[in-house]
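Dear colleague,

I am handing over the structure we spoke about, and I would ask you to open it beside this message. My notes follow directly below it.

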Number of protein chains: 2
Amino acid sequence: MDSVEAHLADVLAAIRPLPARELSLAEAQGAVLERAVAARWPLPPFDNSAMDGYAVLASDVAGATEGSPVTLPVLGEIAAGDTGAHELRAGACFRIMTGAAMPAGADAVVQVELTDGGREQVTISAAVPAGASVRYRGGDARPGDLLLEAGSTLGPVQVGLLAAAGHGTVLARPRPRVTVLSAGNELVEPGQPLVPGQIWESNSVMLAAAARAAGCAATRHPVLRDDTGEVLAAIKEALAGADLLITSGGVSMGGEHDVVKAALSTLGTVTFRKVAMQPGMPQGFGTVGPDRTPIFTLPGNPVSAYVSFQLFVGPAIDALLGRPSAGLRTRRAVLTADVRSPAGRRSLLRGVLGPGAAQVAQVAPVSGQASHQLASLARANALIIVPEPVTAMAAGETVDVLELP
Amino acid sequence: MDSVEAHLADVLAAIRPLPARELSLAEAQGAVLERAVAARWPLPPFDNSAMDGYAVLASDVAGATEGSPVTLPVLGEIAAGDTGAHELRAGACFRIMTGAAMPAGADAVVQVELTDGGREQVTISAAVPAGASVRYRGGDARPGDLLLEAGSTLGPVQVGLLAAAGHGTVLARPRPRVTVLSAGNELVEPGQPLVPGQIWESNSVMLAAAARAAGCAATRHPVLRDDTGEVLAAIKEALAGADLLITSGGVSMGGEHDVVKAALSTLGTVTFRKVAMQPGMPQGFGTVGPDRTPIFTLPGNPVSAYVSFQLFVGPAIDALLGRPSAGLRTRRAVLTADVRSPAGRRSLLRGVLGPGAAQVAQVAPVSGQASHQLASLARANALIIVPEPVTAMAAGETVDVLELP
C-alpha cells in the first residue's frame with residue numbers, strides 16, 4: 001500500500017495549472033492571478049473631496065473661529081461627476097460634494113458642518129489645514145504600484161479593486177470546471193421510485209457540491225448504467241467542458257463490473273492503487289483525453305468518497321489554480337472516547353470538534369464509523385487522525401484533527 | 001451617535017427569516033432547514049455487501065483455514081443493482097459484488113481476497129464471523145431517525161445525505177437573492193473610458209461578490225445616474241427579484257444629490273443614522289416595497305462599504321436564513337505598530353494578521369487607513385478593533401482582531 005503523502009504527491013506532480021485567460025469581473029470571483037496586477041492609472045484618478053463642504057485655500061480660512069468666522073463668496077457648486085474645469089481664486093470658494101474633483105487652486109475642504117451652508121456666500125467658523133478632507137490623485141495607488149500579487153485569489157475586495165482601477169476584465173486562472181459522474185445499475189436518481197436492490201445516487205450530488213464549495217464550477221452527470229460504452233461516451237462528452245473529472249464507484253477489485261476502469265483504459269492513463277488510509281483505500285488517478293485532463297476515480301462508499309475529496313481533490317483544485325494548497329485546517333484536540341484503527345493504515349475518523357481555544361478543545365468520535373454511514377458524516381465537523389502504526393487511542397489522549405470545511 | 005451593537009440590533013429586529021420552499025438538491029446548497037428532516041426509509045434500504053466476495057452462512061465456513069480450506073458450490077452471482085430475489089441454501093454460496101443485496105439466508109460475506117475467486121465453486125481459506133462485511137438495512141438510519149436538525153445549513157454532505165435518503169427536493173430557506181445598486185453621475189462601468197471628474201464604479205462589483213461569498217445569489221445593477229426617477233425605477237424592478245437590497249453612496253449629508261434617500265422615502269421606511277465607528281459612520285437601513293424587503297444604504301467610500309457589509313449585512317443574511325450569526329472569527333493579537341482612533345468611535349483598522357497560534361499572532365496595520373483606500377484593504381486580512389474610548393494604542397499591546405473571510 002502507498003502512503004497518503006505518496007498518492008497526493010503523484011496527483012500534484014501530474015497537474016498543470018490552468019492557463020490564465022481574460023475573465024470578466026463577474027467571472028473572476030475565485031479565480032487566481034497568474035501575474036501581478038499593477039495600477040495603470042492613479043487611484044483616485046484626480047484630487048477630490050472627502051466631504052460635502054467648501055473647497056478653499058486653507059490660508060483664506062486660517063483665522064476662522066466660531067467667534068470670528070470668515071465669510072467667502074461661493075463661485076459655484078461642484079457635484080460628484082462634474083467633468084468641467086473649475087478654478088478657484090483667492091478669497092473665494094466652491095461648494096463641493098463628496099467625490100467631486102477639487103477645483104484648481106484649492107488646497108482644502110471645509111466640511112459643511114463647520115459652515116452655515118450658504119449658497120451665494122458661506123460663513124466658515126473654523127480653520128482647516130492645507131490638505132484637509134482632500135483625497136489626492138494617486139493617494140491609494142500610483143501608476144506602476146503593485147495592486148495584487150501573482151497568485152492572489154480574487155475575493156470580493158480584489159475584484160472591487162480591479163474595478164476601481166479600471167479593469168473591466170482580468171487575466172487569471174479561471175475557477176476549474178468539474179464534472180462528476182457516477183455509474184452503477186443500482187443507482188436511481190434521488191426522488192425517483194426505488195425497488196429492492198437499488199439505492200438513490202448521492203455521491204455525484206455530494207461531490208459536485210463539494211467541488212462548488214471548493215471554488216469550482218461543478219456539474220453532475222445523470223446516473224450512468226454499468227455499460228462501458230455509455231460511460232465512455234459520457235466521459236468523452238464531459239472532457240469537452242471540464243478541467244477535472246471525478247467518478248465514484250465502478251472501480252472495485254471485482255473485475256467485470258468495473259466499467260469505469262474499462263472505459264478509462266481506452267482514454268488515457270489512470271493508475272489504481274491502494275492507499276494506506278481508512279476510509280478511502282482504493283484510489284485511482286490519472287489523465288485522460290487529448291488535453292490530458294486529470295481524473296479522480298474515487299471509491300463508491302460515500303464517506304470514502306468525501307474523505308478522499310478532502311484529502312486529494314481539494315489540493316488538486318488548488319494546483320489547477322496554480323496556488324499552494326492550504327489543505328484543511330489542523331487542530332490538536334482531546335479525545336472524548338476510545339478509538340480503534342487498523343494497523344498500517346491512517347484512520348480518518350469522523351468526529352465532532354467542540355468549541356474552545358486550541359489547547360482545550362475536545363473531539364468526540366461520532367457513532368457509525370463505517371464508510372457507508374453518511375448520516376454519521378453529516379453530524380461530524382472534523383476528521384480525527386489516528387496514525388498508521390497506532391491501533392488504539394484512549395479517551396483523554398490528544399490527537400490531530402482536520403477541520404472539515 | 002448610535003453604537004455598533006444598537007444598529008445591528010435594530011437591523012436584526014426588522015428581518016424576518018425567508019419562508020422555506022421546496023428546493024431541488026442543485027439549488028439547496030447553502031440553504032437552511034426550517035424543520036428537521038427525518039429518515040423516511042431505512043438507510044441503507046436493504047442488507048447489502050460491503051465487499052466483492054461470496055455471500056455465505058458463516059457457520060459453513062467456520063472451520064476454513066489456509067491449510068484446511070472449505071469449498072462451496074456457487075449458486076450464481078449478484079451484482080449491484082440486481083433486483084431479483086435470491087435465496088441461499090446451507091452449504092452453498094453466491095458470488096456477490098459490493099453494494100449488491102444479500103441473498104436471503106446468507107449472514108456474512110467472505111471477501112474475494114480470502115478465496116480462489118472461483119465461479120462454479122469457490123475455495124475459501126478463512127473463517128468469517130456472522131455479520132462480516134454486511135451492511136444492514138437501516139444501519140445508517142432507521143425510519144424516523146433524525147437526519148438533519150432544524151437550522152442545519154445544507155453543505156455538500158447534507159445535500160448528499162438528502163439524496164441518499166431519497167429526497168429529490170427539500171423544504172428549506174433558500175439562499176437569499178441580493179441586488180446591489182450604485183447611483184452617481186461620477187460612476188463609469190469598469191473598463192469604459194473615463195474623463196476627469198469620473199471614477200470607475202467598484203462598490204457594486206465588490207458588494208455583489210461579498211454577498212455571493214456570504215452564500216447569496218447576488219446580482220449588481222448597472223450604474224445608475226443621480227436621478228430620483230431612474231433610481232426609483234431600478235429599486236422597484238429589483239424588489240421583484242430580491243430578498244435584500246444594498247445600495248452604496250447617494251446618502252451623504254449634502255441634500256439635493258441624495259437621490260437614493262429621495263427614492264426610498266416613497267417606497268418604505270429607511271432610517272439614516274450615524275454609527276460610532278470608523279470607517280462606516282453613515283448607515284441607513286429599513287424596509288421597502290410591498291414585501292417590506294430589507295435594504296441597506298451603505299456609505300459610498302469603498303472601505304466603509306465593505307466594513308459595513310461585514311459588520312451588518314453578513315449577520316442580516318444569516319437572519320434571512322433563520323440561523324444565528326456566527327459573525328467574523330475573533331482573535332487576540334499583538335500590534336506591531338502604534339495606531340490611533342477618534343474618541344468616541346470604534347475603529348476597525350485594516351491589518352495583516354500573521355500566522356501562529358492564538359496567543360502569539362501578530363497583527364500589522366496596513367499603510368493607508370483612509371476609507372477610500374481600497375488597495376490597502378486588498379492587502380489586509382483582518383480588522384483591528386480599537387474600542388470607542390481609546391484614542392491610541394502602542395506597538396506591543398494586545399488587541400481584538402476580526403478575521404476577514
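How many Å apart do the C-alpha centres of domain 1 of chain A and domain 2 of chain A lie? In this model, which is predicted, the two centres lie 31 Å apart. The domain assignment from which these bounds come divides chain A into domain 1 (4-18 + 176-320), domain 2 (24-40 + 147-173), domain 3 (48-135) and domain 4 (330-403).

Let me turn next to strand β17 of chain A, residues 244-248. Five of its five residues are buried, so the strand is largely enclosed by the rest of the structure. It may help to recall that in a regular strand the side chains alternate between the two faces of the sheet. In β17(A) both faces are covered, with L244(A), I246(A) and S248(A) buried on one side and L245(A) and T247(A) buried on the other. As for its pairing, β17(A) runs parallel to strand β13 (residues 177-182) of chain A, with five bridges between them, and in this pairing T179(A) has L245(A) as its bridge partner. The strand β21 (residues 293-298) of chain A is also parallel to β17(A) and is joined to it by four bridges, with I246(A) standing opposite F296(A).

Chain A also holds an open sheet of three strands, in the order β1-β12-β2, where the pairing is antiparallel. Because β1 (21-24) and β2 (32-33) of chain A stand at the edges and have a single partner strand each, one side of each is left without a neighbour in the sheet. Four bridges connect β1(A) with strand β12 (residues 169-173) of chain A, and S24(A) is the bridge partner of T169(A).

Finally, please look at where the two chains meet, since the contact takes 74 residues from chain B and 74 residues from chain A. On the side of chain B that touches chain A, the largest share, eight residues, comes from α3(B), and the residues of that side divide into 40 nonpolar, 26 polar and eight charged.

How the copies are related can be stated plainly: a turn of 180° with a shift of 0.0 Å along the axis lays chain B on chain A with an RMSD of 0.1 Å. The two copies are therefore related as by a two-fold rotation axis, and the same surface serves both, as 100% of the contact residues of chain B recur in chain A.

With kind regards

Methods
Residues are numbered from 1 along each chain as its sequence is written. Chains are lettered from A and ligands numbered from 1 in the order in which they are written. This is a predicted model: local features need pLDDT of at least 70, side-chain atom pairs count only at pLDDT 80 or more; totals for chains, interfaces and linings use all residues. A residue is buried if 20 or more other C-beta atoms lie within 10 Å of its own, exposed if 12 or fewer, and partly exposed in between; C-beta atoms are placed from the backbone. Helices (H or I, at least four residues) and strands (E, at least two) are DSSP runs, numbered from the N terminus. Two strands pair if DSSP finds at least two bridges between them. Domain bounds come from an automatic or database domain assignment. Two residues are in contact if their C-beta atoms, placed from the backbone, lie within 7 Å. Ala, Val, Leu, Ile, Met, Phe, Trp, Tyr, Cys and Pro count as nonpolar, Asp, Glu, Lys and Arg as charged, and the others, Gly among them, as polar. Copies are superposed by least squares on the C-alpha atoms of residues with pLDDT of at least 70 in both.
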